[in-house]
Amino acid sequence: MDSKAGDCETSEYDPAYEWLGDNDIVERTTSTAWPPLRLLVLQSSILHKRLRVAVLDAYGEAQFGRDHAPVGSAIPRIRLKEMEVSKLHATAYWDKGRREWAVVDMGSMHGTFLQSGRQLDLEPIRLSPPRVASIPRPLCHLDRLVIGSTTFLCHIHEDRKPCVECMSNGQGDIPLFTVPKGNNHIAEKRTSESAGLEQRQTIVERRDPKKALTTLKRALLSRHHEPSESSLPTSTRPAATYVDRSARRRAMYPASQYDSPGVQSPRGDSPGINKPSLELTQSSVPHATPHVEAPRSPGPLPDNNIGRKLLLKQGWKPGQALGSPSDEDGRNGSGLVVPLEVTPLPSRAGLGMPDKTGPSPQSFHQWREESKERRWESMKATVHGAG
């Protein structure tokens, strides 16, 4: 007993074991707590119509953004799932130094707008330019905070007692943290009943996964064991018949005279065709002669010709030549009195096309004989010159 009493007397005094009392508790809470901030939804195209208030009484900081808060984060985030809102758009926090609520734009693209509750006739002010973080701006009671298509009305009560407008019943509160799927149907834009998903989920739940897997296996195995043409015996296979596509094409287009064997093609140098067969086929198959326009006989231009009128205006007289004038003797003149003759080419023939109506080109034998004669004449001339 004496040893225990000595231990109690030597133990140090800890003021944490003392009872603080009611007055001390009230003083400590008033010195460290902040006036609660509640955000009322005035209008929004992304939040559900039942979500009307965000209760931030127990938090000194809140974030606004398009994405979920990181896993394990203790900072609440109001998620506004629309493209006008950045991933981390803005932050509202309690400034301990100034002892006031403030809002900061975190460098969003479309901006955060603040409208004073005392001057509602003025337009909302943008906190910062695009992609530039803003300086802290104070939040006062009845100020309007605009983020994307959502407008919040700020309620800050110094007496820490909510009013009738910002009173929360627990059903219309905006979720501040990530809620697992299936536990919160209000946070969605459309309920499962309105979208017709409830009946679909019950059908999926009733389906047995083992039965579905067995059915899939049977379908695949039956498809795999179906007899193919290669596995059938030779007697039962369908006989392959030869299809003459050239005969079919000649039957469909009988007007093609170059599509039958033995007939000369438009190209005269096509291989595989003998000359006797060419002569027979050319004599047996009539060829269409191209239409050639007959040349017009040269003569004087009529009086109503436009070119004749222009030449007369420039000083030309009938009977004179066109071109540079000649001398008194009639020499050194390049003028032409006789008109040029135009020889039309066959139909669809371009420049440089040889005339097929002229003399036929010499054969190889004739060319060789002529070249021999030329060489012989040149040798004779050389011999006589040397003698």
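**Exercise 1. Salt bridges**

How many salt bridges does a search of the whole structure find? Work through the pairs and decide how each partner is placed with respect to the surface.

*Solution.* The model is a predicted one, and a search of the whole of it finds three salt bridges.

Step 1. Begin with Asp57 and Arg38, which form a salt bridge in which the closest N and O atoms are 2.6 Å apart. This pair links distant parts of the chain, since Asp57 lies in the loop between strand 2 (53–55) and strand 3 (61–65), while Arg38 belongs to strand 1 (residues 37–43), 19 residues apart. With a relative accessibility of 29%, Asp57 counts as partly exposed, whereas Arg38, at 11%, is buried.

Step 2. Turn next to Arg98 and Asp95, whose side chains meet in a salt bridge with an N to O distance of 4.0 Å. Here Arg98 counts as exposed, because its relative accessibility is 63%, and Asp95 counts as buried, because its value is 18%.

Step 3. Finally, consider Asp303 and Arg308, where the salt bridge has an N to O distance of 3.4 Å. Asp303 is exposed, with a relative accessible area of 62%, while Arg308, at 15%, counts as buried.

**Exercise 2. Cysteines**

What is the count of disulfides by the distance rule, and why is Cys154 without a bond? Carry out the check for Cys154, and then for Cys163.

*Solution.* Step 1. Recall that a disulfide is a covalent bond between the sulfur atoms of two cysteines. The cut-off needed for the check is that the two sulfur atoms must lie within 2.5 Å.

Step 2. For Cys154, the closest cysteine sulfur is that of Cys140, and because the distance is 9.0 Å, the two are too far apart for a bond. Cys154 is also buried, with a relative accessible area of 0%.

Step 3. For Cys163, the nearest cysteine sulfur is that of Cys166, 3.4 Å away, and Cys163 is in no disulfide. With a relative accessible area of 22%, Cys163 is partly exposed.

Step 4. By this rule, the count for the structure comes to zero disulfides.

**Exercise 3. Strand 1 and its partners**

Is strand 1 mostly covered or mostly uncovered? Describe its burial, and then its pairing with other strands.

*Solution.* Step 1. Strand 1 is mostly covered, for five of its seven residues are buried; Arg38, from the first exercise, is a buried residue that lies in this strand.

Step 2. Strand 1 pairs with strand 11 (residues 150–156) in the antiparallel sense, over six bridges. Within strand 1 and strand 11, Gln43 and Thr151 stand opposite each other.

Step 3. Strand 1 and strand 2 also run antiparallel, and they are joined by three bridges. Looking from Leu40, one finds that its bridge partner in strand 2 is Val53.

**Exercise 4. A nonpolar patch**

Which residues form a nonpolar patch on the surface with about 280 Å² of accessible area together? Place one of them in its element and state its exposure.

*Solution.* Step 1. The patch is formed by Leu213, Leu216 and Leu220, which together have about 280 Å² of accessible area.

Step 2. Take Leu213 as the example: this residue is found in helix 5 (residues 209–224).

Step 3. The relative accessible area of Leu213 is 46%, and Leu213 is therefore classed as partly exposed.

Conventions. Residues are numbered from 1 along each chain as its sequence is written. This is a predicted model: local features need pLDDT of at least 70, side-chain atom pairs count only at pLDDT 80 or more; totals for chains, interfaces and linings use all residues. Side-chain values use heavy atoms; hydrogens and water are left out. Helices (H or I, at least four residues) and strands (E, at least two) are DSSP runs, numbered from the N terminus. Buried means under 20% relative accessible area, exposed over 50%, partly exposed in between (1.4 Å probe, protein chains only). Patches are made of residues with over 30% relative accessible area and no salt bridge: like charges are joined within 9 Å, nonpolar side chains (Val, Leu, Ile, Met, Phe, Trp, Tyr) within 5 Å. Accessible areas come from the Shrake-Rupley method with a 1.4 Å probe; for residues, only the protein chains shown count as cover. Two strands pair if DSSP finds at least two bridges between them.
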